[in-house]
Every structure is written in C-alpha cells, then in structure tokens.
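Notebook open, structure loaded. I want to go through the ligand site first, then the domains, then the chain interface.

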Amino acid sequence: MKKDLLLFSAFALLVAAAPQLFKGGYLMNVLVFVGINTMLAVALNLLLGYAGQISLGHAGFFGLGAYLSGIMTTTYSIDPWLAMPIAAIVVGIIACLIGFPVLKLKGHYLAMATLGLGIIIFIVFNETVDLTGGPSGLSGIPNLKIAGVTFDSDVKNYYLIWFFTLAVMLFSLNLANSRVGRALRAVHDSEIAAQVLGVNARILKVQVFTLSAIISSIAGSLYAHTMTFISPASFGFNFSIELLTMVVIGGLGSIFGSFLGAALLTLLPEFLRAVNDYDIIIYGALLMVMVMFMPGGLVRGIPALYRKIFGQRKGTGNA
Amino acid sequence: MLEVSGITQIFGGVTALDSVSFKIAKGDITGVIGPNGAGKTTLFNIISGIYHQTAGTVYLEGKDVTGFPPERLARLSMVRTFQNIELFGGMTVLENVMVGMHTKSTSGLLACSFKAPWSISEERRIRQGALKWLDFTGITDLADQKAGNLPFGKGRLLEIARALAVEPRIILMDEPAAGLNSQETLALAALIKRIRDMDITVVLVEHDMELVMDICDRIVVLNLGKKLAEGTPQQIQESPEVIAAYLGDDD
Ligand SMILES: Nc1ncnc2c1ncn2[C@@H]1O[C@H](COP(=O)(O)OP(=O)(O)O)[C@@H](O)[C@H]1O
C-alpha cells in the first residue's frame, strides 16, 4: 500500500512536469485523451479487474455523461460545473437500477446484457435528434471556467483533465487497498467463500457497477467540455471494446496498468500514422503479441521483460 | 444452538435427504458421518444457506433461519469451510483473513475511497485482528504469501483462520482432514479442540474415523439420506445399524 502511494506521488509529479518536458504542442492534445481514457479504463478495471464483472457497455455511460452535460449546458444554459454532478448522479441512478437485475447474470450473459445496454444508449443518441442533434452531433458546448480562467487551450485542458484523472486514480488505489476493495477481490476469486464470510456480493457488485458508471460519466462530461463538440460515433460499441482492451492489455486489477493500457492504445494509432495503410494491421498484430506474451498485462509484463534482459534482479511487478 | 427439523432435499428424482432432524448443543463438537452419497455435503449446503431445501426447517439459536443467504448467516455468527478449500487465491494470506473481518467492520465504499479518518483506524484494527488469527492457527510467517501458492495443508489452516475472523459462535467444517497427512491431521485435531475451548460450537463432516472418534462429543450418522443413528462416539461404535451400514458399503 505504501509502495502504491509512493509510485502514485512520482507519477503525479511526472504528470505535472510533462507540459514543460514536451513544450506544449500537439502531444498535449493527445495526452488529454490519454487522461480521459485512463479515467475510463480505471473505472472499467474496478468492475472487471477487481470485482470480476464484465461490461461491454461502458462507452454508453461515457456518452451519457457527455450528452447530459452537453444538452444541459447548451439547450438549458446550466453552468457546466453544476451540469457535471447532475449528469453523474443521473447516470449513477440509471446504472444502479440496471445493475440490480443485470449483475445477477454471469459470464457471457452479463457480457451480452451490457452489450445490449451500450447499443440501446447509442441508438438513443442517434435517434433523439431534437435533443442530441442525432448523428450530426451536438456543438457549441461551453468550456469549463474557474475564476475567470477558461479551459480553452490544450495545455489548460491537459491540467484540467489530469487533475481529475489523478483524483480518480488515487480514489481507486485507496479503494483497492481497503475493506471494500478486498471484498471485491474476494468475490472475484470465490464468490461463495466471500458470501459465507458475510460479504453481500450482490450489493457490492451493484455498488461498484454504479461507481464505475459515475466515473465514466464524469469523464464524459469533461470530454464534452474540452472538445465542445460530441457525436454518437465516439460512444459506440467499438469504443467499449477499446476500453476493455486497454484494461486487459494494461493489466487486470492494476490501477497503473490501466494508465499503461490507455496510454498505449491512445498513443499507438498516433505513431502508426506514419505507416498509414498498414497501421490497423500492425496495431492488431501488436495487441495479439502482447496478449500472448504478457498475459498479466503491461504492468506485470514490462518488469518481467526487464528482469529477463537485465538479469535476475529482485523485485515484484505488481502495483 | 443449531437444530434441523424434517430436512428433505430432492434433486430431480433423487432423494438426497429424507426428513432428517437433529439438534446440536452449544459448545459440542459434533461429527456428521456416513458412507459416500449419504447426503452429508447436501445437508451442510442447506444449513449454510447455499442450497434451498425442498422441505424442512433450520433453527439457529432458536431462530428460524430457513432460506437465509450465507451472508446473513455470517452476521448471525455461523460460518463454514469447504472440502476443496475456497481461498481467495489472488490475495495474500493476511488479506484473506482480513476479508473474514468484513462483518466486524463497517467502512463503506466512499469512506474507504476518501480515506475517512474512521476508515483508517478501522483498517488498523482489521489488520491487527487478522494477525491474531494467523497467530492462533500458526501461519503468521506466511502472512505476505499469495494464498494461491500455499500447500494444501496450510491452505486448510488459512481457511479456518479466515472463518474464525468472523468470530462465529458456530463453525461448520466440510471434511477438514481431507488431503492432510497424518501429522497435519493430529495438529488439526488439537486446533479444533482449541476452537471448541473458545466456546465455539463445531460441526464437521469427516471421513477420517479415527479423528471423528477422538474429538467428537456427539455423532450423527446418515445413510442413504436418512438419519441412521445419533449418540456419543462409544454408542455409535457399538451400534449394530451403523456397523451394518458401513460393512455393507465397500468404501
Ligand atoms: N446438485 C446435485 N444435483 C443432483 N444430485 C445431487 C446434487 N448434490 C448431491 N446430489 C445427490 O445427492 C446424494 C447425496 O450426495 P452428497 O450430499 O454429496 O453425499 P455425501 O456428502 O454424504 O457423500 C447423492 O446421491 C448425490 O448424487
């Protein structure tokens, strides 16, 4: 636990220093997306990596946050800082209501149900044209402001997003190493044993599903206010799968792993632009190789690789 | 302490249990024995709330707990262990026992995530409590090991330590000696007696007759889903029905 907090502090310093290191520029914009995706991956990891429950509908919660914030701040001129928590609460309530029946399902059935949920939400974004603008999207969403500072540049957005991302990471690290986090992992390893020890697995699963949806919704609101334009295409089934890939590639049950997965999957397409036409093939092949040779994800695979190359050094790869 | 009354369980066409009734007194070690297929595991699963019986009632400390889910029974101070130890393999030995203190702690999701002051002091208390149970079962030196890497015998001790962390008044053990060598079985017998000495009622399903006869105060014999006999180890050893049932069974 101490080790995690130390690592987190170092990571936070790095995040704070990054704009100086990279001298602003285009990369800042990409790092904003890394931040948003990290938040989403951490949220999904709480559900999948800790509680062992899959969701193929998380892009839907992300989209709901974005659209609720977008609609409230444009059509109804509500202050963005007020719209964000309202959106989060609404999404939390929806997730809680859906969670009770859906989380009774296991394995493939849960995957199918959450997939269906994501698709329904996607269809709603497309079809309720009066509200969402339909497939052509919703524009003119205001930037966030604090005390006269408007978050309208890449560097400002970088700090805004990463403030939230770090908060979500710290929050999740605390949770993982606590009574509730242990109960979640216990349910994952042996639900029946956890129940026998007095853990109410059902309620716990709904709680973490709701929490995960709320974090995704906040990420969605932030996305809407930094992009100022949203359209349904960003919140489709593809993106749910991409989030799942980030969590698995990064390492199930590791908060830092989710960052690594999000960073890799966000940065890789940018680098692969140089080899356009082949980018999608290389991308796919890289993911396959990584899953095959790093079954524990990057967060465990990289230290193992390091030890292999630089000899038998002691150390543990878990974070 | 625990009473089952008229427990019947029918799986499809198979009657696994046929109107089984008995009472277990507080502070006793009670053995449930019987040939394979007698219905012992089924009975345990019903008492611990994992199966829902076709008919019959379970009373815990006089309270009708029929149909209560396991997590509710844990809060009423009943806990069990499993024949094929069910550890949380990805967690450390200490963390496993800390999960056992779940019902004795209250910090919720938000308190934990925001590190509320009371959740920090509670966390300290949970850790100390868990260490106490590791010490009681003699596996303190394994505290930081992954539970999934433990040898079977140590895993068994961990499962018992974890169950004790619930601070139960009654503990059900499903074949605690299965898979243990003779030395480990002796240590287990001593451990079970120490558990009883803490005023915890012990019920165990067991195939190791030597162990059963050594530690049990009372024995319930099941055969083909029916209660065949009940009594002290001495009475059971001398019971003609029990002898006949065991001789008729080539197990
Ligand atoms: N889940 C189940 N479904 C169908 N039959 C079962 C099930 N569990 C146990 N049985 C049957 O119930 C009978 C009693 O089994 P069990 O309780 O495992 O006995 P024991 O633990 O004494 O060996 C057996 O005939 C077994 O086949």
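**Ligand site.** I started with the ligand's oxygen atoms: one of them sits 2.8 Å from a backbone N or O atom of B:Gly37. This is a predicted model, so I keep that in mind for every distance here. Next I looked up B:Ala38, where a polar backbone atom is 3.2 Å from an oxygen atom of the ligand. For B:Thr42 it is the side chain that counts: a polar atom there lies 2.5 Å from a ligand oxygen. I then listed the surroundings of the ligand, which include B:Phe11, B:Ala16, B:Pro35, B:Asn36, B:Lys40 and B:Tyr51. B:Gly39 and B:Thr41 are also among them.

**Domains of chain B.** I checked how chain B is split and got domain 1 (2-77 + 168-247) and domain 2 (89-152). Nine residues of domain 1 and six residues of domain 2 make the contact. Taken over C-alpha atoms, the centres of the two domains are 29 Å apart.

How much area is buried between domain 1 and domain 2 of chain B? I read about 610 Å², with 68% from carbon and sulfur atoms. On the domain 1 side, B:Arg75, B:Arg194 and B:Met198 lose the most area, together 54% of what that side buries. I looked for salt bridges between these domains and the count is zero. Polar contact comes to one residue pair, both at pLDDT 80 or more. Helix H2 (70-75) and helix H7 (182-197) of chain B each give two or more residues to the domain 1 side, and H7(B) has the largest share with three residues. By class I noted six nonpolar, one polar and two charged residues on that side.

**Chain A against chain B.** I moved on to the chain interface, where 26 residues of chain A are in contact with 38 residues of chain B. The buried area is about 2700 Å², and carbon and sulfur atoms give 63% of it. A:Arg179, A:Arg182 and A:Leu197 supply 30% of what chain A buries, more than any other three residues.

How many salt bridges cross this interface? I found two. B:Glu95 and A:Arg185 meet in a salt bridge through their side chains, at 3.2 Å, N to O. I also logged 10 residue pairs in polar contact, both residues at pLDDT 80 or more. On the chain A side, helices H7 (154-176), H8 (179-189), H9 (191-196) and H10 (201-227) each supply at least two residues. H8(A) gives the most, seven residues. My last entry is the class split for chain A's side: 13 nonpolar, nine polar and four charged residues.

Methods
Residues are numbered from 1 along each chain as its sequence is written. Chains are lettered from A and ligands numbered from 1 in the order in which they are written. This is a predicted model: local features need pLDDT of at least 70, side-chain atom pairs count only at pLDDT 80 or more; totals for chains, interfaces and linings use all residues. Side-chain values use heavy atoms; hydrogens and water are left out. Domain bounds come from an automatic or database domain assignment. Contact means heavy atoms within 4.5 Å. Buried area is the accessible area (1.4 Å probe) that two parts lose on being put together, summed over both. A salt bridge is a side-chain nitrogen of Lys or Arg within 4 Å of a carboxyl oxygen of Asp or Glu. A polar contact is a pair of N or O atoms within 3.5 Å; within protein, one must be able to donate a hydrogen and the other to accept it, and residues adjacent in sequence count only if both atoms are side-chain atoms. Helices (H or I, at least four residues) and strands (E, at least two) are DSSP runs, numbered from the N terminus. Ala, Val, Leu, Ile, Met, Phe, Trp, Tyr, Cys and Pro count as nonpolar, Asp, Glu, Lys and Arg as charged, and the others, Gly among them, as polar. A residue is near a molecule or strand if one of its heavy atoms lies within 4 Å of it.
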